[in-house]
Structures are given as structure tokens and as C-alpha cells.
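Here is a short guided tour for anyone who likes to look at a structure from the bench. Keep the viewer open as you read, and turn the model as each part comes up.

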Amino acid sequence: MNLMKRLGYWMKVSSAILGLIVTALLWMTDIVPSQPAKRAGKEECRDCHRRIWDETKKGSHGGLDCSSCHPNAMNHQDADDPLEVAAGVDYSAEACGSCHRFQYETYMKDEPGKAGLYGGTPEDPAKAPKLAEFPLYHKIVAGHGFTKDYNEERAHRYILQDHIETKRPKFPACLNCKATPIALHWGKTWNGVAISNDTKWEDIVKLIPKELHPYGVSCIHCHDPHNAELRIINRGLMEAIKERGVNPYWPERNAKSFQAADKQQKEMLLCGQCHVEYVCGMGADKKIRFVYSWRKARDLQAFYQERYGNQQDWVHSLIGETLVKSQHPELELFWESKYERAGASCVTCHMPKVEVKGRLLTSHWLTSPLKYLDKEMKKEPLGAYPCGQCHNVPPAVLKAQVLRLQQHIDAVQKRVQKALSDAIDALEAAKKAREAGKKVDSDLLQKAIDLYREAHLRWENLVVSENSMGFHNPEEVMMELAESLDNARQVEALARKAIGGP
Ligand code: HEC
Ligand code: HEC
Ligand code: HEC
Ligand code: HEC
Ligand code: HEC
Ligand code: HEC
Ligand code: HEC
């Protein structure tokens, strides 16, 4: 045998051995390799895609062929003009699920019902209106789209379906949190269509590949497919970070970019792509925006006043004033909480590690942590007690404490709700008096309106739009509800006084 032949022989033998080792490793790690793609020859992707190649080879996906995720890649490579023969890009969760079965199956999990007293996953959202907990809501947000349709939210796999089905007005920017390929291409042209608020919602939805329709948001919203590291893709969030850092309320941890952030902050930012307050629709001034305010409730009103003259949301139809309508600010409420300062991230409680065939893997079932506690107590699969890292009481005791705490918050928020409703009556009466030509002290009335804005914002943001009934930061919620209650009662008195009342 000459040298070349020998070398060739040993390369074949060693690659066969390597193949066996890789197969054994994959078996041990519960990874199921997909069918190896048919390869016409050696991949030469690096010649033209150097950055992606080098990044991929450095990470945990370094051992994968590019063509295992990119259909038609070999034909693309071997074509006279690679631009003429496109390589496929697969945005679906199934593309990852073929090898990462446990993460895929838990991500798609949907188990209807509540574990505690609030939240949970309704079987039929139409039968779980938010009005159950907030009976005066329609009056407090009168004239807003949320009065048309506002139900308890369902599991992650319904993200796109529930958005498509809602009767509320829809805007392209909303799709950043509902469909991964749209978030990836936001601000660019994709398949000949400009992905921005200037295009019609209907025309953008059409572009979402069919296989993503059942769930919308896939693995690559949080994972870079090439280097397999955590990432964010939401441009609204990236802009906010550029302006104020990753956590403007914790100076020591306020890194300037996702890449520079520590693990805890990174994990919070993954969820912060969507579980934050933002403006993604049409304002009272008919302008369409896509902005992350990236501020705690107490700083929101001043920010919106300064930046948009309060025009970013809607005009309350009973009192005729612009107010803030918040979206789910889980992250902002969590900032400064005792859990955050003790080192927990959203992932700690909502994505616990569970044992699968002797290995600790991350559960991707994004649900109430109480559901994990219940399963732990019943010794069912997917049971976990992530709280045990910091608490040494049994799960049943801690769960009871969560419910007690939430009931206290609920009792207080119901009083605030009543006070807001009374304040609206007083403001409406003052405005009617002015219309009827009666003498009204406009300084007093303006003072009442300004106070009302702050009172409304705190309740609506911290207990209605936020989904944990105060759990994520009970001290902050209690204090701000007290402020809100006090403000609302002052509004009532001021508005009465403005029309000459006692
Ligand atoms: C001879 C150069 C060349 C080689 C070799 C090559 N590509 Fe490409 N590839 C291109 C060009 C040019 C484009 C289009 C411009 C762009 O998107 O960067 C492209 C685009 C792509 C895209 C994007 C498709 C889209 O819809 O956005 C993927 C994915 C891709 N290539 C994968 C591969 C893979 C995998 C290999 C190796 C099996 C490979 N390419 C080999 C030149 C090449
Ligand atoms: C685990 C699956 C997976 C593997 C392995 C993989 N890709 Fe990709 N690739 C994707 C996905 C998904 C996208 C869509 C863009 C994104 O998510 O960033 C993509 C996008 C691309 C693009 C389009 C450029 C862009 O950023 O949009 C190119 C080019 C590309 N990949 C080349 C490669 C090459 C070369 C390799 C091998 C070194 C490779 N890919 C390996 C999943 C993969
Ligand atoms: C062909 C099989 C295959 C496919 C398809 C695949 N992976 Fe992987 N993945 C692997 C292997 C092998 C490893 C390394 C072994 C390990 O870390 O357990 C890995 C590791 C990972 C890791 C762990 C990174 C770390 O260092 O802890 C993540 C996250 C990951 N993959 C995400 C994805 C995502 C997202 C997709 C889809 C875009 C995907 N994978 C598609 C085989 C695959
Ligand atoms: C909302 C963000 C998010 C989404 C979406 C997501 N993951 Fe993860 N994933 C995480 C986090 C956080 C971890 C834990 C990382 C760590 O501990 O360093 C993780 C870990 C992993 C790991 C490493 C092994 C493990 O279990 O710890 C794999 C593999 C993985 N995910 C695959 C997937 C797949 C497949 C999908 C889609 C079906 C997916 N992920 C969707 C956030 C996400
Ligand atoms: C791409 C946007 C997006 C990301 C990223 C995201 N979520 Fe969600 N999440 C949503 C939406 C939208 C819903 C409501 C789904 C519905 O009603 O169809 C939701 C619902 C939930 C629910 C309630 C589920 C139920 O069954 O009622 C929990 C809990 C949750 N998310 C936690 C998290 C955590 C923790 C993270 C980060 C690890 C995260 N989410 C990342 C958009 C997102
Ligand atoms: C210390 C544990 C813990 C941490 C950390 C945590 N949560 Fe929660 N979360 C809870 C508990 C407990 C509830 C209330 C569940 C219930 O009432 O069933 C909850 C409720 C929720 C809900 C509503 C669930 C439903 O069933 O409707 C969402 C959404 C959510 N959290 C998202 C987040 C996000 C995003 C973060 C990070 C910014 C986060 N959580 C951090 C424990 C935690
Ligand atoms: C990273 C540490 C950490 C984790 C993880 C954690 N907690 Fe806590 N928790 C704290 C700290 C710190 C306090 C406040 C001091 C104390 O009471 O020990 C607290 C207090 C509480 C309280 C009393 C709250 C009050 O305001 O009355 C409850 C209830 C609670 N935690 C429930 C949970 C639940 C449920 C989980 C898991 C889903 C959990 N915790 C996970 C650190 C943690």
C-alpha cells in the first residue's frame, strides 16, 4: 500500500469509529439524530459563508452538517450560480425537535386548568374572561380595543392562533412576539415584502410558513441555531437595551448588550422579548409605533408624556382623556424584587431542571410554577421544586403561602378598582357640568386628571396586565396600590370641588 492509500484507509476506519462514538454519545444524551441528509460530496460552505461556518464549528453544533438543517444545500453549493439554486431555511420547532425531543415535547405541552387561584390555561378562552377578576374593567378602559375581547391567556403553543383569532385590532409589530420569522426579518425585506408597520398585517401573516401556524414562536427565538448559544432577536428590545442597558434598575448589572450581560440577566431578557410593556399599535394620534418603554410603572407616565405627549395609547371614552394601556409587564415588575436580588431569573421558576434518563434537562413547558409543584407533590413526571434552592419548607406550605399572598393583593386591588370607578364618575360629572356651561375650576380639574392618570396606570399595569397577581414583587404592588387608592379618592374629591361641591 502506498502512503496515500494507507492514509485513506486509516481515515475511513477512524471515521467509522468516530461515527460509532458519536452515535453512542447521542444515545447516552437522549439526542435522536435525524436522518443524515444525502450528501453528494464534501460541504464547502465555508468558502462563501465563513462567519457562520466558523461560529458553528466552535459551538455545540460543531459536529453537525450544515445540510442537516438546510435542505437542498448541496445543490445550492454545487450550482453554477448559488443565487439561482437557493438553500432552504427551516424556521420550525420540528427542525430542532427531531434531535432535541424532550425540549420540543415540553415546549408544545398544554395542560388546561389552574394550579392556584388565578391565571392558568383556560380550555376555552372565551369562557375565561378577565372580567371575572376585574368586573369594572370595561368602564375603566372604556373605548379601548380590550373591551372587545380580553380573556385569560393560554399556553405558548397558542401564541399565533390566539393572536389571529382575537377581535382586537392587529398591527404588524405585534407579530414580533407571535411569529419567529417575522421577528427575524423585522425592518428588512423578506420574500419581496417589507416587514414593517408600513405593510398591512394581512400581507405579512401570509408569509409565515404553514408549518409554523400551529404555534408561531419557535426555538430560534431564544437559541442561535449556529453556535447554539442563547440569543434575543426582538428589535424593539434591542433598541431599548441600546438606549438604557439590559437592566436600568440595577446599575451593577446594567450591561450594554445582551452578549455582555450575565447569565441571570440573559435569562430574563429571553422572556423580556415579549413579557414587557410596549406600544405596538396605533395611538390616539393615529400614529403606529413599536416601542419598548423599558421602565417600571412608577416612571412610565412621565416618559410617555415627555416622548409622545401621552398620545401613544387611547382616549378614554367616558372622561375624554388619553390614558396609558399597558401590556404584560412581567419583567419590569420583577426588576428590584426580592427574587431578582436573590439571583433568580424567570427561567429559575418557570423552566426548572428535571431529570430525564439520569440527565438534568431544562423543561420548556412555560407555565405556572405551581403546576410543577403539584406534579412534584404527586410524584408525577415533570414534577419539580425549583423554590427549594432558597426555601426549606415543603412545597405544600410554600404553595399555600403564594395563594394567601395573592388573595391579599386581590382584596386590595378590588378596592382600588372601585375607587377608580368612583373617580371616573366624578370626572365625568365635572366634564358634563363644564359642557353645560356651569362654572368649573379648571386648575382643580386638571390636577384631578393628572392624578387620575397615575392612579389608573398603577392598577391597570401592575395587577391587570401583569399576570402573577402580585407574586413577582408583592412589596412593590402593595405600595403602588396604596398610592393608587389614595390618588383615586383624591381625584373624586378634587373633581367635586372643581364644580363647587364640598
Ligand atoms: C459559491 C459560494 C457558495 C457556497 C459554496 C455556498 N453558498 Fe450558500 N449562499 C451563497 C450566496 C451568494 C447566497 C445568497 C446571499 C446570501 O444570502 O448571503 C447564499 C445563501 C445561502 C443561504 C440563505 C438562504 C436564504 O433563504 O436566506 C443559506 C441557508 C445557505 N446559503 C447555505 C449554504 C450551505 C449550507 C452551504 C454548504 C452546503 C452553502 N450555502 C454553500 C453562496 C454560497
Ligand atoms: C441546527 C440547525 C442549523 C445548522 C446546523 C446550520 N444552520 Fe444555518 N440557519 C439555520 C436557521 C434556523 C437559520 C435562520 C436564521 C436564524 O435563525 O438566525 C439559518 C440561517 C442561515 C443562513 C442565512 C443567513 C442568515 O443569517 O439569515 C446561512 C447563510 C446559513 N444558515 C448557513 C449555514 C452554514 C454554512 C452552516 C454550517 C456551518 C449552517 N448554516 C448550519 C439553522 C441551521
Ligand atoms: C441533527 C441533530 C440536531 C439538530 C437538528 C439540532 N441539534 Fe442542537 N444539538 C445537537 C447535538 C449533538 C448537541 C451537542 C450535545 C449536547 O449538548 O447535548 C446539541 C446541542 C444543543 C444545545 C446545547 C448547547 C449547550 O452548549 O448547552 C442547544 C441549546 C441546541 N442544541 C439547540 C438546538 C436548536 C435551537 C436547534 C434547531 C434550530 C437544534 N439544536 C437542532 C444536535 C442537534
Ligand atoms: C423562551 C426561550 C426559549 C425557547 C423558545 C426555547 N428554549 Fe431551549 N432553553 C432555554 C433556556 C433558558 C435554556 C437553559 C439554558 C441554560 O441552562 O444555560 C434552554 C436549554 C435548551 C437546551 C440545552 C439542554 C437543556 O435541556 O438544558 C436545548 C437542547 C434546548 N434548549 C432546545 C430547545 C428547543 C428544541 C426548543 C424549541 C422546541 C427550545 N429550546 C426553545 C430557552 C428557550
Ligand atoms: C416571543 C414572545 C414570547 C417569549 C419570548 C416568551 N413568551 Fe411567554 N407568552 C407569550 C404570549 C404571547 C403568551 C400568551 C399566549 C396565548 O394566550 O396564546 C405567553 C404566555 C406565557 C405564560 C402563561 C401560560 C399559560 O399557560 O397561561 C407563561 C407562564 C409564560 N408565557 C412564561 C414565559 C417565560 C418564563 C419566558 C422566558 C423563558 C417566556 N414566557 C418567553 C409570549 C412570549
Ligand atoms: C420566584 C419564582 C418566580 C420567578 C423568578 C418568576 N416567576 Fe412568574 N410566576 C411565579 C408564580 C408563583 C406565579 C403565579 C402562578 C399562579 O398563580 O398559578 C407566576 C406567574 C407568572 C405568569 C402568569 C402565569 C399564568 O398562569 O397565567 C407569567 C406570564 C409569568 N409568571 C412570567 C414570568 C416572567 C416573564 C418572569 C421573569 C421576568 C417570571 N415570571 C419570574 C413565579 C415566578
Ligand atoms: C433565588 C432564591 C429564591 C427562589 C428560587 C424562590 N424564592 Fe421565594 N423568597 C426568596 C426570598 C429572598 C424571600 C424573602 C425572604 C424570605 O421570606 O425568606 C422569599 C419569599 C417568598 C414568599 C413569601 C412572600 C411574601 O411576600 O410574603 C413566598 C410565598 C415565596 N417566596 C414563594 C416562592 C415560590 C413558590 C418559589 C418557587 C416557584 C420561590 N419562592 C422561589 C427567594 C427565593
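## Ligand 2, shared by two domains

Let's begin with ligand 2 in this predicted model. Its shell takes at least three residues from domain 1 (49-79) and at least three from domain 2 (106-110 + 155-346). In total, 17 residues surround ligand 2, and C45, T56, C66, C69 and P225 are the nearest of them.

Which helix gives the most to this shell? That is α2 (residues 50-58), which supplies three residues. Sorted by class, the surroundings of ligand 2 comprise eleven nonpolar and six polar residues, with no charged ones.

## The domain layout

It helps to place those domains on the chain. The domain assignment lists domain 1 (49-79), domain 2 (106-110 + 155-346) and domain 3 (397-498). Domain 2 is written there as two segments, 106-110 and 155-346. If you take the centres over C-alpha atoms, domain 1 and domain 3 are 56 Å apart.

## Ligand 4 and its surroundings

Next, find ligand 4, which has 18 residues around it. The closest are C96, C219, C222, L361 and T362. Two or more residues each come from α4 (94-97), α5 (101-107), α11 (263-272) and β8 (359-362). Of the elements, α5 has the largest share of this shell, with three residues.

The class count for ligand 4 is ten nonpolar, seven polar and one charged.

## Ligand 6, between domains 2 and 3

Now turn to ligand 6. Why does it lie between domain 2 and domain 3? Both domain 2 (106-110 + 155-346) and domain 3 (397-498) contribute residues to the shell, so ligand 6 sits between them.

The shell holds 26 residues, and G119, C346, C349, S368 and N467 come nearest to the ligand. Elements that provide two or more residues are α11 (263-272), α13 (330-334), α15 (346-350) and α16 (369-377). Helix α15 gives the largest share, four residues. By class, the residues around ligand 6 are 15 nonpolar, ten polar and one charged.

## Helix α17 beside α19

Finally, have a look at how the helices pack, starting with α17 (residues 395-435) and α19 (residues 474-498). Their axes are 8 Å apart and make an angle of about 20°. The two helices are therefore roughly parallel to each other, and their crossing is left-handed. The contact of α17 with α19 involves 19 nonpolar, two polar and five charged residues.

## Helix α17 beside α18

Helix α17 also packs with α18 (residues 442-465), where the axes come within 10 Å and cross at roughly 150°. Are α17 and α18 roughly parallel or antiparallel to each other? At that angle, over the 145 degrees used as the limit, the pair is therefore roughly antiparallel. Here too the crossing is left-handed.

You can trace this contact residue by residue. From α17 come I409, Q413, V416, Q417, L420, A423, L427 and A430. They meet L445, A448, I449, Y452, A455, H456, W459 and V463 of α18. The class count for the contact of α17 with α18 is 13 nonpolar and three polar, with no charged residues.

Terms used
Residues numbered from 1 in each chain as written. Chains lettered and ligands numbered in written order. Predicted model: local features only at pLDDT ≥ 70, side-chain atom pairs only at ≥ 80, totals over all residues. Domains from an automatic or database assignment. Near = placed C-beta within 6 Å. Nonpolar A, V, L, I, M, F, W, Y, C, P; charged D, E, K, R; others polar. Axes fitted to C-alpha atoms, helices over the stretch in contact; angles between N-to-C directions. Parallel < 35°, antiparallel > 145°, perpendicular 65-115°, else oblique. Left-handed = near helix turned anticlockwise from the far one by under 90°. Contact = placed C-beta atoms within 7 Å.
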